[in-house]
Amino acid sequence: ADDMKATLVVTLAVLAAATTVAAQSPIRPGRWETVMQMEMPNMPVKMPEMKSTRCITPEQAKDPASSLPRGPQDGRGGTNDCKVSDYKVSGKTVTWQLTCTTPQPMTSTGEMTFTDDSYTGLMKMKSPQGVMSMKMSGTRLGDCTP
């Protein structure tokens, strides 16, 4: 059960970082629905898909570096020190690396590919619990409503 809990903590830290990276890319402003699915080879149960909807502002779309994870204040009040490095945009594809030491050591690599109204991506993570991957996809729903 402790392994499950530790895995969940890492997963939440990674989700916060992934959501941030999704906002820093060749993405059009507007309302986006994102779907994320975690996969762990030795997990007895399949993790549920996680859906969320968020608004990407024109400022966020224009300035990719402005809101990458910076440290413990990132995310939803949880403490993690995840840092993004090697962030590259090549045409419609974004790649990056993520390293965390708290709440536990973890490294990950990610890649996302964009079209005008959608994206797909994959993150691969290594932690003390083992290797896991996260598939991501996003669909632009329309303009943001104030």
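Let us start at Leu122, a residue of strand 6, which spans residues 118-127; strands here are DSSP runs of E with at least two residues, helices are runs of H or I with at least four, and both are numbered from the N terminus. The model is a predicted one, in which local features need pLDDT of at least 70 and side-chain atom pairs count only at pLDDT 80 or more, while totals for chains, interfaces and linings use all residues. Residues are numbered from 1 along each chain as its sequence is written, and side-chain values use heavy atoms, with hydrogens and water left out.

How exposed is Leu122? Its relative accessible area of 32% makes Leu122 partly exposed, a class that lies between buried (under 20% relative accessible area) and exposed (over 50%), using a 1.4 Å probe and protein chains only. Beyond its neighbours within four places in sequence, Leu122 is in contact with Thr109, Gly110, Glu111, Ser133, Met134, Lys135 and Met136; contact means heavy atoms within 4.5 Å. One of these partners, Ser133, is eleven residues away along the chain, and its C-alpha atom is separated from that of Leu122 by 7.0 Å.

Now step back to the sheet. Seven strands form an open sheet in the order 2-1-7-6-5-4-3, with antiparallel pairing; two strands pair if DSSP finds at least two bridges between them. Strand 2 and strand 3 (83-90) stand at the edges and have a single partner strand each, so one side of each is left without a neighbour in the sheet. From one strand to the next, the twist averages 15°, with axes taken as lines fitted to C-alpha atoms (for helices over the stretch in contact) and angles running from 0 to 180 degrees between N-to-C directions.

Strand 1 (residues 30-39) is a good place to look at the pairing: nine bridges join it to strand 7, and the two run antiparallel. Within this region, Val35 stands opposite Ser137 in strand 7. Thr34 also belongs to strand 1. Is Thr34 buried or exposed? Thr34 counts as buried because its relative accessibility is 6%. Leaving out residues up to four places away in sequence, Thr34 touches Met50, Lys51, Ser52, Tyr119, Ser137 and Gly138.

The next stop is a covalent link. The whole structure holds one disulfide, defined as a pair of cysteine sulfur atoms within 2.5 Å. This disulfide joins Cys55 to Cys144, with an S to S distance of 1.7 Å. Cys55 sits in strand 2 (residues 50-56) and Cys144 in the segment after strand 7 (130-142), so the pair links distant parts of the chain, 89 residues apart. Cys55 is partly exposed at 34% relative accessibility, and Cys144 is partly exposed as well, at 29%.

Finally, the chain as a whole. Two helices and seven strands make up its secondary structure, following the pattern α-β-β-α-β-β-β-β-β along the sequence. Of its 146 residues, 42% count as buried. Among contacts between residues at least 6 apart in sequence, 49% join residues at least 24 apart. The accessible surface comes to about 8,000 Å², with 56% of it belonging to carbon and sulfur atoms.

A word on confidence: pLDDT, the predictor's confidence in each residue from 0 to 100, averages 75 over the chain, and 71% of the residues score at least 70. Over residues 65-77 pLDDT stays under 50, and the model has 26 contacts beyond four places in sequence for that stretch. Where pLDDT is low, the predicted coordinates should not be read in detail.

Key: Accessible areas come from the Shrake-Rupley method with a 1.4 Å probe; for residues, only the protein chains shown count as cover.
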